[in-house]
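Here is a quick tour of a protein chain for anyone about to take it to the bench. Have a look at the sequence and the model first, then read on.

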Amino acid sequence: GFGSSFVPQPKSPCHFLLVAMAKSKNHTGNNQVYKNHRNGIKKTRRPKKMSMQGMNCKFVRNQAFAKRGMNCTPEEKEQRLVAQKEAQKKMEEKKVVERASRLKELEEEKAKPKK
């Protein structure tokens, strides 16, 4: 019944045959190679665009705006090139002036007597 306790039966002489033996074989790859090659092993497809997931979102936004800013007509492109060359000339002149002033400072330092 419900309250009765389980009473174990005495072990028979053939008890060792009834006990499940330890498993020796855990895994086999017997048919797997055949199954894999039935449809062919394919190379993974390379994405056309690199994923922006996990990138700095500020950078991604700025990059998108910069790409849109690059789109322009040939006339605008020429104007931009002219402006760029002018800016380059200004920078070169500025560099020359800075180098001259720096050399002058160094010469003055050399001319000063050391204490």
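## The cysteines

C72 sits in the middle category for accessibility: it is partly exposed, with a relative accessible area of 28%. C57 is further out in the open, counting as exposed at 58% relative accessibility. Keep in mind that this is a predicted model.

How many disulfides does the count come to? The answer is zero. For a pair to make that list, the two cysteine sulfur atoms have to be within 2.5 Å.

## How far to trust it

The chain's average pLDDT is 87, and 83% of the residues score at least 70. That confidence isn't spread evenly. Helix 1 (residues 15-18) is where it is lowest, with a mean of 57. At the other end of the scale is helix 2 (residues 32-38), where confidence is highest, at 96.

## Overall layout

This one is helices and no strands: the secondary structure comes to four helices and zero strands. Walk along the sequence and you get the pattern α-α-α-α.

Is the chain mostly buried or exposed? Of its 115 residues, 0% count as buried; to make that grade, a residue would need under 20% relative accessible area. In terms of surface, the chain exposes about 13100 Å², and carbon and sulfur atoms supply 57% of that area.

## Helix 4

Helix 4 runs over residues 74-111. From its first C-alpha to its last, this 38-residue helix reaches 56 Å, close to the 56 Å expected at 1.5 Å a residue. There's hardly any cover on helix 4 either: the number of buried residues among its 38 is zero.

## The one salt bridge

Which residues pair up in a salt bridge? They are R102 and E105, whose closest N and O atoms are 3.6 Å apart. That fits inside the cut-off, which asks for a side-chain nitrogen of Lys or Arg within 4 Å of a carboxyl oxygen of Asp or Glu. The total for the model is one salt bridge.

Both partners belong to helix 4, where R102 and E105 are three residues apart, about one turn of the helix. An α-helix has 3.6 residues a turn, so residues three or four places apart point the same way.

How covered are the two partners? R102 is partly exposed, with a relative accessible area of 46%. E105 is also partly exposed, at 41%.

Methods: Residues numbered from 1 in each chain as written. Predicted model: local features only at pLDDT ≥ 70, side-chain atom pairs only at ≥ 80, totals over all residues. Heavy atoms only, no water. Helix = DSSP H or I, 4+ residues; strand = E, 2+ residues; numbered from the N terminus. Buried < 20%, exposed > 50% of the residue type's maximum accessible area, 1.4 Å probe, protein only. Areas by Shrake-Rupley, 256 points an atom, 1.4 Å probe, with all protein chains shown as cover. Expected span 1.5 Å × (residues − 1). pLDDT = per-residue confidence, 0-100.
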